[in-house]
Amino acid sequence: MDDLRAKYIDLIANAADEAALEEVRVGALGKKGEVSLKMRELGKMTPEERKTAGPALNALKDEINAALSARKAALADAALDERLKGEWLDVTLPARNRRLGTIHPISQVMDELTAIFADMGFAVAEGPQIDSDWYNFDALNIPGHHPARAEMDTFYMNRAEGDDRPPHVLRTHTSPVQIRSMEAQGAPIRVIAPGRVYRADYDQTHTPMFHQVEGLAIDRDISMANLKWVLEEFVKAYFEVDDVKLRFRASHFPFTEPSAEVDIQCSWEGGVLKVGEGDDWLEILGSGMVHPHVLRSAGVDPDEWQGFAFGMGIDRIAMLKYGIPDLRAFFDSDLRWLRHYG
Ligand SMILES: CNC(=O)COc1cccc(Nc2cc(Cl)ccn2)c1
């Protein structure tokens, strides 16, 4: 018995890993283990002999089990220590600066505009960025020879031989969306159409793709007075001023009659725009009463319905609000720039 104990205590103490330890366990306590075989011999002993041999064998079994679990724990700790040597993490190191993303100034301004006009009952309308010249020009009373239709200003889609669909363009404004909205919904209607528009132009204040938002309100007795109110509310909310003077300058667009370009009163103190004070004027948008031909093109009867429309460049009013000098910076995807304005 003592030899058995010494043998297994030693084997356990020297087991190199869990697999070796398991072999030792099987060698002692498995079905054919040495200790297990001894336990079976108990049956052949006299009751007298069994009285001492039984408890002694059980004690040996418990001692070997205890040694096995102690060694197993020790081996596991050693294995973990070994692993930690290669995987240690110094939690005192400064964290890597995970920067949060920022919203693009154009997207931010689009969201602001949408919210401001939603407060005045305008729904947001979307439409295709590529559209026929009917929706982009003819429906807006822009005749075939009008300079705006020239290829120097407008991107035309190429046409394969024999493809006799009407010419399609990259839309030059979001007015086609307004036409489509009137066709789909009829009057009364009150929508804004923000989105990308395209012109064949490129310099410090023009990029081939830029953004516009147009508004349209058609009902039975809408007048220029309603237009003035809507625009005043928009300017006050967007430029965050309590009051602002607007100047309506007579103008001309083929799709509105009368037409008016709208300036806001401002001052340029040290190159910074201040809206609602000073004696300078800044043009921000064009507007007017929708031309009857346009209503008719969109399936709305001008003898029954009338209303106003306006349009403005989103990039332009974003530049004004955030003091951004160069339009091209919006599209350079320069993270330093985006983080500064985002
Ligand atoms: C950047 N945009 C500007 O300077 C001026 O835009 C304008 C001006 C006046 C009206 C409109 N849009 C419009 C739309 C329909 Cl469906 C009918 C009539 N008009 C857009």
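I began with a definition: a residue is called buried under 20% relative accessible area, exposed over 50%, and partly exposed in between. I kept in mind throughout that this is a predicted model.

**Entry 1, a salt bridge between strands.** I looked up Arg 249, which at 27% relative accessibility counts as partly exposed, and found that its side chain meets that of Glu 283 in a salt bridge of 3.6 Å, N to O. This pair links distant parts of the chain, since Arg 249 lies in strand 6 and Glu 283 in strand 9, 34 residues apart. Glu 283 is partly exposed too, with a relative accessible area of 35%. I noted that both belong to a network of salt bridges that also includes Arg 247, Glu 261 and Asp 263.

**Entry 2, two further pairs.** My search of the whole structure gave 21 salt bridges. In one of them Arg 149 pairs with Asp 133, with the closest N and O atoms 3.3 Å apart; Arg 149 is buried at 10% relative accessibility, and Asp 133 is buried at 13%. In another, Lys 85 meets Glu 82, and because these two are 3 residues apart in helix 4, about one helical turn separates them. Lys 85 is exposed at 58%, as is Glu 82 at 51%.

**Entry 3, the ligand.** I then turned to the 17 residues around the ligand, where Glu 214 is among those that come nearest, and where an N or O atom in the Glu 214 side chain lies 2.9 Å from a ligand nitrogen. The protein buries 89% of the 490 Å² that the ligand exposes when taken alone. Strand 10 supplies the largest share of the shell, 4 residues.

Terms used:
Residues numbered from 1 in each chain as written. Predicted model: local features only at pLDDT ≥ 70, side-chain atom pairs only at ≥ 80, totals over all residues. Heavy atoms only, no water. Near = heavy atom within 4 Å. Polar contact = N/O pair within 3.5 Å; in protein donor to acceptor, adjacent residues only side chain to side chain. Areas by Shrake-Rupley, 256 points an atom, 1.4 Å probe, with all protein chains shown as cover. Salt bridge = Lys/Arg side-chain N within 4 Å of Asp/Glu carboxyl O. Buried < 20%, exposed > 50% of the residue type's maximum accessible area, 1.4 Å probe, protein only.
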